[in-house]
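Subject: Structure for your review

Dear colleague,

Please find below the structure that I am handing over to you. My findings follow directly after it.

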Amino acid sequence: MNTTALIRPAWTPATIALMVIGFMVFWPLGLAMLAYIIWGDRLDGFKRDVNQATDGFFASCKGRGRQARGRHRGFGRTGNVAFDDWRDAEMTRIEEERRKLDEMREEFDGYLRELRRAKDQEEFDRFMSERKRQRDAGEPTNGAPKSGPTLLDD
């Protein structure tokens, strides 16, 4: 099995041909191929460094998020114990109020759903009773004749 790649960062006939064709078609393609031939062997190290840097950046963001959730919305200690205790108590009270408001909103949404369901049921019952009344009286429903020839009678 051949373990060498046809296009690798080296001066091979394939890479030189691709570089020349790249310059003839669109000069930035040729320039990109030239850069790959010259600095392509450093590409693996560059990708590894970029991946490590981005992983480190996102890990630090993740750590800050955990710290912010530990305290009330990221507020740190001020050094004044009385103020910090008062602020913690106020934040706890506000969070409790928020929880109560969320519960009330959920209850109201349930109430509205029940009202819609009752209205829909009432409209459906009215439709069914009107339909039954029309059928009993022999009236056509939806403009179609009750009896007589139809298209399928032929």
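A search of the whole structure, which is a predicted model, finds eleven salt bridges. Side chains of opposite charge can pair when their charged atoms come close. I begin with one group of these pairs, then turn to the overall architecture, the two N-terminal helices and the surface.

**The salt-bridge network**

Four residues, Arg77, Asp84, Arg87 and Asp88, are linked in a network of salt bridges. Three of the pairs within it can be described individually.

Arg77 is bonded in this way to Asp84, with 3.8 Å between the closest N and O atoms. The two partners differ in their surroundings: Arg77 is exposed, its relative accessible area being 52%, whereas Asp84 is buried at 3% relative accessibility.

Arg77 also meets Asp88 in a salt bridge, with an N to O distance of 3.2 Å. Which parts of the chain does this pair tie together? Arg77 lies in the loop between helix H3 (43–70) and helix H4 (81–137), while Asp88 is in helix H4, so the salt bridge joins parts that are eleven residues apart in sequence. Asp88 itself counts as buried, since its relative accessible area of 15% falls under the 20% cut-off.

The third pair is Arg87 with Asp84, whose closest N and O atoms are 3.3 Å apart. Both residues belong to helix H4, where their spacing of three residues separates them by about one helical turn. Arg87 is buried, with a relative accessible area of 11%. Of the four residues in this network, then, Asp84, Arg87 and Asp88 are buried, and Arg77 is exposed.

**Overall architecture**

The protein contains four helices and zero strands, and its elements follow the order α-α-α-α from the N terminus. Of its 154 residues, 10% are buried. Among the contacts with a separation of 6 or more, 19% are between residues 24 or more positions apart. The exposed surface of the protein comes to about 13400 Å², of which carbon and sulfur atoms supply 60%.

**Helices H1 and H2**

Helix H1 (13–25) consists of 13 residues and spans 18 Å from its first C-alpha to its last, close to the 18 Å expected at 1.5 Å a residue. Its buried residues are Thr15, Met19 and Gly22. Viewed down the helix axis, the buried residues of H1 fall within an arc of 65 degrees, so they line one face of the helix. On the other side of H1, the exposed residues are Pro13, Met24 and Val25.

Helix H2 (residues 27–39) also has 13 residues, and the distance from its first C-alpha to its last is 18 Å, close to the expected 18 Å. Gly30, Met33 and Ile37 are the buried residues of H2. They too line one face of their helix, because their directions seen down the axis of H2 fall within an arc of 60 degrees.

What covers these buried faces? The cover over the buried residues of H1 includes H2, and the cover over the buried residues of H2 includes H1. The two helices therefore contribute to each other's burial.

**The nonpolar surface patch**

A nonpolar patch lies on the surface, formed by Trp11, Ile16, Val20, Ile21, Met24, Val25, Phe26, Leu29, Ile38 and Trp39, with about 1100 Å² of accessible area together. The elements that give two or more residues to this patch are H1 and H2. H1 provides the largest share, five residues. Met24 and Val25, members of the patch, are also among the residues exposed on the other side of H1 from its buried ones.

Ile38, another member of the patch, is located in helix H2. With a relative accessibility of 39%, Ile38 counts as partly exposed.

In summary, H1 and H2 supply cover for each other's buried residues and both contribute to the nonpolar patch, while Arg77, Asp84, Arg87 and Asp88 form a salt-bridge network that includes a link between helix H4 and the loop preceding it.

With kind regards

Methods: Residues are numbered from 1 along each chain as its sequence is written. This is a predicted model: local features need pLDDT of at least 70, side-chain atom pairs count only at pLDDT 80 or more; totals for chains, interfaces and linings use all residues. Side-chain values use heavy atoms; hydrogens and water are left out. Buried means under 20% relative accessible area, exposed over 50%, partly exposed in between (1.4 Å probe, protein chains only). Contact means heavy atoms within 4.5 Å. Accessible areas come from the Shrake-Rupley method with a 1.4 Å probe; for residues, only the protein chains shown count as cover. The expected span of a helix is 1.5 Å times one less than its number of residues. The arc is that of the directions from the helix axis to the C-beta atoms. Patches are made of residues with over 30% relative accessible area and no salt bridge: like charges are joined within 9 Å, nonpolar side chains (Val, Leu, Ile, Met, Phe, Trp, Tyr) within 5 Å. A salt bridge is a side-chain nitrogen of Lys or Arg within 4 Å of a carboxyl oxygen of Asp or Glu.
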